[in-house]
Amino acid sequence: MGVWELLLVAVVMLLGLCGVLVPGVPGPWLVWAAVLWWALQDRNGLAWAILVGSSVVLLAAQAVRWQLPARRLRASGATRRMAVFAGAGALLGFCVIPVIGALPGFVAGIYTGERLRLGRHGEAVTATRTAMRNGGTSVLAELFACLLILGAWLGAVLWG
């Protein structure tokens, strides 16, 4: 697979990551479709293993999401700005502390956005808890699954 095709796969994956944060957009399935496209073009055992692994991770994330409360983020006062901060925090955390850094990064992103919006520590902590209870955990489960898939794909492309 050429550089331009790999770049297009990466763009589709990044769109899928952004789609996780936007309600109604099938972000995880965009990420999975990008991996499928890559595996169909680059026919080797590693590519197929990444495809199977990403399928398992996404199915597990969906199962976890069904066990969590429904998303009611808009009703709790969540804004697009908070989603951007949460996504940026998760991505930054994922890069700083590989894999597990996405979890505290997501929560820290929500806290940072709320702290800038509200101005006080106590109110920002309360708003962060409310956001996580009202659907933030389901968004985190999907985002974490997509980041795992993106990391596996990137590792396979760079070292495989």
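Is Glu114 buried or exposed? Glu114 is buried, at 3% relative accessibility. That value comes from a predicted model.

## Salt bridges overall

The whole structure holds 3 salt bridges. Each is taken in turn below.

## Glu114 and Arg117

Glu114 pairs with Arg117 in a salt bridge. Their closest N and O atoms are 2.6 Å apart. Both residues sit in helix 5, which spans residues 102-118. They are 3 residues apart, about one turn of the helix.

The two partners differ in burial class. Glu114 counts as buried because its 3% relative accessibility falls under the 20% cut-off. Arg117 is partly exposed, with a relative accessible area of 43%.

## Glu142 and Arg65

A second salt bridge joins the side chains of Glu142 and Arg65, at 2.7 Å from N to O. This pair links distant parts of the chain. Glu142 belongs to helix 6 (residues 121-159). Arg65 belongs to helix 3 (residues 45-67). The two residues lie 77 residues apart.

Glu142 is buried, at 6% relative accessibility. Arg65 is partly exposed, at 28%. That 28% is over the 20% limit for burial, so Arg65 does not count as buried.

## Glu123 and Arg120

The remaining salt bridge is formed by Glu123 and Arg120. Here the closest N and O atoms are 4.0 Å apart. The definition accepts pairs within 4 Å, so this distance lies at the cut-off.

What is the relative accessibility of each partner? Glu123 is partly exposed, at 37%. Arg120 reaches 57% and counts as exposed, because the exposed class begins over 50%.

## The nonpolar core

The largest nonpolar core has 34 residues. Those with the most contacts inside it are Met13, Val35, Trp38, Phe106, Ile110, Leu143 and Leu147. Six helices each give two or more residues to this core: helix 1 (3-21), helix 2 (27-41), helix 3, helix 4 (80-96), helix 5 and helix 6. Which of these elements gives the most? Helix 6 does, with 12 residues. In soluble globular proteins, nonpolar side chains tend to be buried together.

Helices 3, 5 and 6 therefore appear both in this core and in the salt bridges described above: helix 5 holds Glu114 and Arg117, while helices 3 and 6 hold Arg65 and Glu142.

## Around Val35

Val35 is among the core residues with the most contacts. Leaving out residues up to four places away in sequence, Val35 touches Met13, Ile50, Leu51, Ser54 and Ile149. One of these, Met13, is also listed among the most connected core residues.

Notes: Residues numbered from 1 in each chain as written. Predicted model: local features only at pLDDT ≥ 70, side-chain atom pairs only at ≥ 80, totals over all residues. Heavy atoms only, no water. Helix = DSSP H or I, 4+ residues; strand = E, 2+ residues; numbered from the N terminus. Buried < 20%, exposed > 50% of the residue type's maximum accessible area, 1.4 Å probe, protein only. Core = buried A, V, L, I, M, F, W, Y, C linked by side-chain atoms within 4.5 Å. Contact = heavy atoms within 4.5 Å.
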